[in-house]
Amino acid sequence: MNAETTFKSVQDMDPDAREGLRRAILSLADGKRMMGIHYSDWLLGAPSIETGIAASSMAQDEWGHARLLYAMLKDFGMDPAVVEHERQASEYANPDALDQPLEDWAAVVAACVVVDGALSVALEGFSEGVYEPTRSRIPKMLAEEAFHDDLGTAWFRNLAGGSEEGRARLRDTVLSMLPSTLAWLMPGDEVGEAQAGSGLVPEGKVLHERFLERYGALLALVDVDLAAVEPDRDGWDSERGRGPGHPDDEAVARARGDLNRMLLVE
Amino acid sequence: MEEPLYDVFARKERGEPLRHVGYLNALDDEMARVYAWKTYDEERWFEMCVIPRSAIIPVNRTDGPFATRGGQS
């Protein structure tokens with residue numbers, strides 16, 4: 001990657017690389033929007049008041065990051081308001097593991113480590129790429145994400161060393177989330193390769209290595225061999241850069257803020 | 001689940017004294033760091049730290065929250 005030559009606008013980019021970047025920014029934004037929804041579900045019902053407050057704060061972080069990322073799509077000729085408020089669930093490009101609600105605290109911890117972790121590894125890749133808006137705006141997001149990572153890691157260690165039931169739930173959820181999340185992190189399709197080839201992000205294998213380095217030892221605490229987990233690309237949707245499903249309509253209605261918008265008076 | 005008590009200290013600017021801004025319960029030091037940052041976020045702190053209540057050694061009082069180690073009276 002030649003980090004000396006940067007792009008201030010996507011208009012100067014090769015069309016294939018531009019499409020890769022558009023897809024990646026939208027997918028990151030949707031991922032953060034859905035991650036925020038899931039954290040917000042645990043404002044009440046978290047293991048302690050402090051944890052609930054942290055979940056609330058992390059939800060706000062994620063929504064703020066999503067808003068910034070959606071705003072970047074203006075450079076692609078897209079209207080961020082339309083992207084945020086008028087898309088159907090089937091158009092959402094978040095990582096597959098965020099399609100369903102996180103049913104218990106072990107699932108929240110697993111998502112915080114596996115999915116929020118993958119989102120941060122992907123963001124970090126952008127901060128090193130040649131597109132200036134991502135290079136300049138992402139470092140603050142990463143600073144906030146460091147606290148999510150610390151909390152996820154601390155809770156993961158705690159659950160991994162706790163009851164058999166908690167440990168088993170954590171392990172099962174991690175194993176269910178990993179294959180699709182790895183596919184999301186390193187798409188390996190033409191769109192993803194065009195993006196990496198233009199220096200917009202590191203190659204998928206580099207991001208994979210970072211993910212392994214960051215979380216391999218942690219996941220081993222619940223006997224998950226991260227290096228042995230294969231990405232699941234069955235039914236890969238190249239348009240969205242993820243698997244074939246989508247989040248449920250109720251979650252997307254919340255993400256769009258449908259109820260709030262019904263109260264707006266023209 | 002019994003969670004240890006931590007006290008939170010912070011200062012807004014370099015050179016200001018650290019002041020006690022609150023307390024929290026956390027299972028370990030790492031969680032205490034995050035909870036403190038996420039809970040006491042009403043200011044743009046220059047520096048913040050957390051201290052296990054059990055590490056505070058009372059000096060001159062036999063009453064008050066810090067008088068007994070661990071905050072247990």
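Hi everyone, this is a short tour of chain B, followed by two spots in chain A. Please keep in mind that we are looking at a predicted model.

Let's start with chain B. How many helices and strands does chain B have? There is one helix, along with three strands. If you follow the sequence from its start, the order is β-β-α-β, with the helix sitting between the second and third strands in that pattern.

Now for its dimensions. Along the principal axes, the C-alpha atoms of chain B fill a box of roughly 35 × 30 × 15 Å. Chain B has 73 residues, and 36% of them count as buried. Its accessible surface is about 4800 Å², and carbon and sulfur atoms contribute 49% of that. Looking at contacts in chain B with a separation of 6 or more, 40% are between residues 24 or more positions apart. As for charges, chain B carries 10 positive and 13 negative ones, and the mean positions of the two groups are 5 Å apart.

Over to chain A, and helix α6, which covers residues 164–185. Here is a nice check you can do yourself: at 1.5 Å a residue, its 22 residues should span 32 Å, and the end C-alpha atoms are 30 Å apart, so the two agree. Where does α6(A) bend? The bend is at Leu178(A), by about 35 degrees, and Pro179(A) follows within four residues.

My last stop is Asp223(A), in the loop between α8 (204–220) and α9 (249–256) of chain A. Its phi is near 60 degrees, a positive value in a residue other than glycine. Why point that out? Because most residues other than glycine have a negative phi.

Thanks for listening!

Conventions. Residues are numbered from 1 along each chain as its sequence is written. Chains are lettered from A and ligands numbered from 1 in the order in which they are written. This is a predicted model: local features need pLDDT of at least 70, side-chain atom pairs count only at pLDDT 80 or more; totals for chains, interfaces and linings use all residues. Side-chain values use heavy atoms; hydrogens and water are left out. Buried means under 20% relative accessible area, exposed over 50%, partly exposed in between (1.4 Å probe, protein chains only). Contact means heavy atoms within 4.5 Å. Accessible areas come from the Shrake-Rupley method with a 1.4 Å probe; for residues, only the protein chains shown count as cover. Lys and Arg count as positive and Asp and Glu as negative; His and the chain ends are not counted. The place of a charge is taken as NZ of Lys, CZ of Arg, CG of Asp or CD of Glu. The expected span of a helix is 1.5 Å times one less than its number of residues. The bend at a residue is the angle between axes fitted to the seven residues ending there and the seven starting there.
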